[in-house]
Amino acid sequence: MHYVNVENLTKSFVEKPLFTNITFNIEQGDKIALVAKNGAGKTTLLRILAGKDTADAGKLWINKDVSVSFLDQNPQFEEDKNVLENILSYDHPVINTVRDYELAMEHHDDAHLTELMGKMDELNAWNFESTVKEILTSLNITDLDQLAGSMSGGQRKRLSLAKVLIDISFGERNNFLILDEPTNHLDFEMIEWLAEFLSDNKTTLLLVTHDRFFLDLVCNEIIEIDNQQLYIHRGDFSNYLVRKIEREEADASSLDKAKNLYRKELAWMRKQPKARTTKSKSRQDAFYEVEDKANSGRNEDKLQLHVKMTRIGGKILELKKVHKAFGEKKILKGFDYTFKHRERIGVIGKNGVGKSTFLNIIMGLEQPDSGKINTGETVVYGYFHQQGLQVKEDKRVIEFVKNIAENFPLADGTKVSAGKFLELFQFTPDQQFTYISKLSGGEKKRLQLLSILFANPNFLILDEPTNDLDLVTLAVLEDFLEQYQGCVIIVSHDRYFMDKLVDHLFVFEGDGVVNDFPGNYTEWRIDEARKKKAANSSSRQESKGTVLTATPEPIVINKKPDAPNNKRKLTFKEKFEFENLQTEIPALEKEKAELNEKLLSGSAPYAELNTMIARIGEVSKQLETKELRWLELSEFVEQ
């Protein structure tokens, strides 16, 4: 079924063109990711498709039988109503019927009740309550009486996401779901749940996301806006990277040919006599076309962030017996740690367990209830926080940066001017004189990152740094952090970002408990899965023993013929296979990460790209096979 047709769509913001004459179609079942640099018009295009904005020119057609649901970056609610009232307050056939049914039940309206029961059957609305409960619980929305006006930004985004997921979960309608950064403010478990939900759901999807792990799990097509033009790539993110590099290589070759032709034609034009023949006039017109093409090459300096870091001394940061609580809610309970040189620590835990509070305590923005925090004299912090840029008055971008410093020292001893540094961060000379208030959300994040690095820190604290950054800037930030010589603490729900950068994790378990895990996020998840399996097996054994001791009657035991005590054991060969799998799986995961990293860096020779992408496919298939086999054998491992 044909859902959406976009033809020659054009949009500019003030004098800045976002996209020009873009054309594409969306068919039923498509799950598309929209990627582009910050400020290239991703959110604007989503808003146009959702009917929240209009294009300057072009045509947009959406099938009249298609229902559009939109997750905006800035959701709107009825502020004086609570969570449940906001969910039930919008127009939806199932929600309207459920609401009317509840009212009829409350007022004992038997005549109307019979009619509504038939309608509930027709709309399959009887499982409404359980579906809503699953979605709200999975997104950690538990206080249904909380007023929307008192909710934090993260809570509002999750509530907005819950509303659109509830919207597409009922009825036989043809759903077209538009999501703008759906993984922002979600923890790892929520992201994985959402990926599974969207993958299983038959909804047609267009989304903007910076989360490459989530993108690969959900999407089967990528649409890119680059230099105002649109490019379509079938397949996953790795395939997109290869095709993008191939396109850029072809563009570079075409540009070189145009420049050579331009030099020849320019020499001819300079020799032209004043009298113009008809034949020479046509050649002149062709010359101007060649000139435009020759001058169309984009000056895209790759971001180089080899900073001259301030020396860090032997004493860095010590936390001794630190306690922190808000009323009954414990954040830290006797936390002890001494930071070492070049440590790269990831901080994970469910939303609300105190990760940001922990960072604020380190920075001195929040005081602990007790304990000591000793910071070395040479430590210079760089704090990337979720609040964004702190600008008292609206300034131009270049003025904001020059207030920090006129020049920036590089590792080779040279200096870079504020303007040139901004260019390296993809702020063109024209954009540098733009007021900060006119920047997109992603551009403001990029400017915030620039301002932090400009201060030449030797201890970086990054609280959700990947939110709203484009994929190009993310790759550059990862490259910088890999070479960075100082200490780094990262709070992020971007699994790919964390796996690539951190050496170990502070795992906030809740109730003030923080565990130090020696590995990255994926390794921690595997370890947790094994612990959970062992605990479940132990619990089954204990439960079995208790039942048999306390109540020997068969009806209480409710035992199946193939209960756990009849479970077969692994053969010697299977034990050997299982042990090998525990070594082979991490090795394959490491190889896949390294191949993806090489692709993202853009340093791989062009001739090797197809071989690398083919190998990534092979490794992914091997991983899937071996992981399934590991799970199969693990069911029979003795605990």
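Helices (H or I, at least four residues) and strands (E, at least two) are DSSP runs, numbered from the N terminus. The model treated here is predicted, so local features need pLDDT of at least 70 and side-chain atom pairs count only at pLDDT 80 or more, while totals for chains, interfaces and linings use all residues. Residues are numbered from 1 along each chain as its sequence is written, and side-chain values use heavy atoms, with hydrogens and water left out.

**Exercise 1. State how many helices and strands the protein has, and what share of its residues is buried.**

Solution. The count of secondary structure gives 21 helices and 20 strands. For burial, the cut-offs come next: buried means under 20% relative accessible area, exposed over 50%, and partly exposed in between, with a 1.4 Å probe and protein chains only. By this rule, 46% of the 639 residues of the protein count as buried. A further step concerns contacts, where contact means heavy atoms within 4.5 Å. Among contacts between residues at least 6 apart in sequence, 69% join residues at least 24 apart.

**Exercise 2. Work out the order of the strands in the open sheet that contains E1, and find which strands stand at its edges.**

Solution. Two strands pair if DSSP finds at least two bridges between them. Strands of a sheet pair through backbone hydrogen bonds, either parallel or antiparallel. Here three strands form an open sheet in the order E2-E1-E4, and the pairing is antiparallel. Strand E2 (16-27) and strand E4 (57-62) each have a single partner strand and stand at the edges, so one side of each is left without a neighbour in the sheet. Direction ignored, neighbouring strands of this sheet are turned by 15 degrees against each other on average, where axes are lines fitted to C-alpha atoms, for helices over the stretch in contact, and angles run from 0 to 180 degrees between N-to-C directions. Looking at one pair in detail, strand E1 (residues 2-13) and E4 are joined in the antiparallel sense over five bridges, and the bridge partner of Thr10 is Ala57 in E4.

**Exercise 3. Decide whether Lys64 is buried or exposed, and locate it in the chain.**

Solution. Lys64 lies in the loop between E4 and strand E5 (66-71). Because its relative accessibility is 74%, Lys64 counts as exposed. Although Lys64 and Val4 are 60 residues apart in sequence, their C-alpha atoms are 9.9 Å apart in space.

**Exercise 4. Describe how helix H3 and helix H4 cross.**

Solution. The axes of H3 (residues 93-106) and H4 (residues 110-123) come within 10 Å and cross at roughly 150 degrees. Angles under 35 degrees count as roughly parallel, over 145 as roughly antiparallel, 65 to 115 as roughly perpendicular and the rest as oblique. H3 and H4 are therefore roughly antiparallel to each other. The hand is settled by a further rule, in which a crossing is left-handed if the near helix is turned anticlockwise from the far one by less than a right angle, and right-handed if clockwise. H3 passes H4 in a left-handed crossing. Among the residues that meet are Val94, Tyr101 and Met105 in H3, and Leu113, Met117 and Leu123 in H4.

**Exercise 5. Follow H5 and H6 from their crossing to the loop residue Leu139.**

Solution. The axes of helix H5 (residues 128-138) and H6 come within 10 Å and cross at roughly 145 degrees, and this crossing is right-handed. The contact is made by Phe128, Val132, Ile135 and Leu136 of H5 and by Ala162, Leu165 and Ile166 of H6. The expected span of a helix is 1.5 Å times one less than its number of residues. The 16 residues of H6 (residues 153-168) should therefore span 22 Å, and the end C-alpha atoms are 23 Å apart, which agrees. H6 is mostly covered, with 14 of its 16 residues buried. Leu139 is found in the loop between H5 and H6, and because its relative accessibility is 0%, Leu139 counts as buried. Leaving aside neighbours within four places in sequence, Leu139 has contacts that include Arg158, Leu161, Leu186 and Trp193.

**Exercise 6. Identify the turn between E19 and E20.**

Solution. Strand E19 (residues 504-510) and strand E20 (residues 513-517) pair in the antiparallel sense over five bridges, with Phe508 opposite Val514 in E20. The two strands form a hairpin with two residues between them, and Asp511 in the turn has a positive phi of about 60 degrees.
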